[in-house]
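Subject: Structure handover

Hi,

Here is the structure I promised to pass on. My notes follow below it.

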Amino acid sequence: IPWLIIALTMFSLGVYTTRKLSSSRAAGSVLIGYVILSALTFFFKQYGFSRMVVLISGAINILLLPGWRLAARGILRSPEHRRKSLFGRRTIIVGTEGSGQEVLRKLRARVDDGYDVVGFIDVSRRRVGEKVAGVEILGSIDNIGKVIQEQKASEVIFSTDNLSYSDILSVIGRAGHRSVNFRLVPNSLEVIIGKTHIDQLDDIPLIEIEYNLNRALNRSLKRLFDLASSSVLLLLVYPWVAVSRKSGDEMNQIRKSILLLPRVLDGTMSLVGPPALPLSASRNGSAESVVYLGKPGLTGLVQINERDDLTAEEAERYNLYYAKNQSLLLDVEILLKAVLGTTKR
């Protein structure tokens, strides 16, 4: 039971997938795991471990699990150990224009980094099957998840000016592969970059793309919070709002949101998230779903900051900020602001 709990927390924080050498996440996983183990002692007497054993094993784990990762990172970054394997980094480049071809040229020149470029992804399907600089265009952003799975790719590098930051997050969200490193060749270091890791490909920075809303642990906690909160509100508040609606009472924003609680319970909506938007036309003229930034929310950063002069660019920035920084604390803060804001109005 103890090792299984530690392993699951480490997997949830990406230590076995995208952050194999992250010492901070390994340490965080151990701490979370031992909080759960301590709770087991309270709820299940058969797991009443010796306190001294728990302390000693916890100290050993907090030293060894992050410790060997720190040592490995130091060794791998030293000049004499910088050479990597020639195998194991199957790479897909998103973007076939000049910048994508430049990334391909740089990767080919870095033989000892082990990048094996298996193909390109274009923004549309028109050129699928063609070759660019000897490398085949395997698909478009619409089926990138299928291409990643078929090619067993471990690296995806975005190098295109035809995709916005929100489009890139949408592609990552639809791909749904937790063991793939997504990287970006930026034109500027705005919006998408928070606490992240930057590699240097000669003069080209490669930025790892990650946002909280895409983490398995965050999604699970958010869903549990939605289920618990909506269940309580459905029992205590929903019947009164439904009755007042039938009696013809004026419906403010909070009451309208409460009437949507069944959709939160069945998983089609969330308490906090981007506003529900209709389908929009993509740049190549085909219809596609609104950017994947989580389920539509009863409220969210866009909703609590809604005003007549709110531009689409500002709304996008609000949604991107939420996706990058999502946490239960942020969700609670947004819910409180929504309630207080409606009460004041």
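The protein chain has 13 helices and 12 strands. Please keep in mind that this is a predicted model.

Overall picture first. The protein chain has 345 residues, and 41% of them are buried. Its exposed surface comes to about 19500 Å². Carbon and sulfur atoms supply 60% of that area. Now the contacts with a separation of 6 or more: residues 24 or more positions apart account for 67% of them.

Helices next. Helix α1 covers residues 2–12. Its buried residues include I5, I6, A7, T9 and M10. An α-helix has 3.6 residues a turn, so residues three or four places apart point the same way. After α1 comes G14, with a positive phi near 80°.

Helix α4 spans residues 98–109 and contains L107. Is L107 buried or exposed? L107 counts as buried because its relative accessibility is 2%, and the cut-off for buried is under 20%. L107 and T91 are 16 residues apart in sequence. Their C-alpha atoms are 9.6 Å apart in space.

Two backbone points to check. A133 is not a glycine, yet its phi is positive, about 55°. A133 sits in the loop between β3 (131–132) and β4 (135–140). With a relative accessible area of 44%, A133 is partly exposed. K152 is not a glycine either, and has a positive phi of about 50°. Its place is the loop between α5 (144–151) and β5 (155–158). K152 is exposed, at a relative accessible area of 65%; the cut-off for exposed is over 50%.

Now the charged pairs. How many salt bridges are there? The count comes to 8. Here are some of them.

- D116 and R90: the closest N and O atoms are 3.9 Å apart. D116 lies in strand β2 (residues 115–122) and R90 in strand β1 (residues 89–94), so this salt bridge ties together parts that are 26 residues apart in sequence. D116 is partly exposed, with a relative accessible area of 36%. R90 is also partly exposed, with 29%.

- E155 and R183: the closest N and O atoms of this salt bridge are 2.8 Å apart. The pair links distant parts of the chain, with E155 in strand β5 and R183 in strand β6 (residues 181–184), 28 residues apart. E155 is buried, with a relative accessible area of 4%. R183 counts as buried too, at 3% relative accessibility.

- E333 and K337: this salt bridge has its closest N and O atoms 3.7 Å apart. Both residues are in helix α13 (residues 328–344). They are 4 residues apart there, so about one helical turn separates them. E333 is partly exposed, with a relative accessible area of 40%. K337 is partly exposed as well, with 48%.

One more item on charges. Which residues join E102 in a network of salt bridges? They are R105 and K106.

To recap the strand-to-strand pairs: D116 with R90 is a salt bridge with its closest N and O atoms 3.9 Å apart, and E155 with R183 is one at 2.8 Å. Both D116 and R90 are partly exposed, whereas E155 and R183 are buried.

Best wishes

How values were computed
Residues are numbered from 1 along each chain as its sequence is written. This is a predicted model: local features need pLDDT of at least 70, side-chain atom pairs count only at pLDDT 80 or more; totals for chains, interfaces and linings use all residues. Side-chain values use heavy atoms; hydrogens and water are left out. Buried means under 20% relative accessible area, exposed over 50%, partly exposed in between (1.4 Å probe, protein chains only). Contact means heavy atoms within 4.5 Å. Accessible areas come from the Shrake-Rupley method with a 1.4 Å probe; for residues, only the protein chains shown count as cover. A salt bridge is a side-chain nitrogen of Lys or Arg within 4 Å of a carboxyl oxygen of Asp or Glu.
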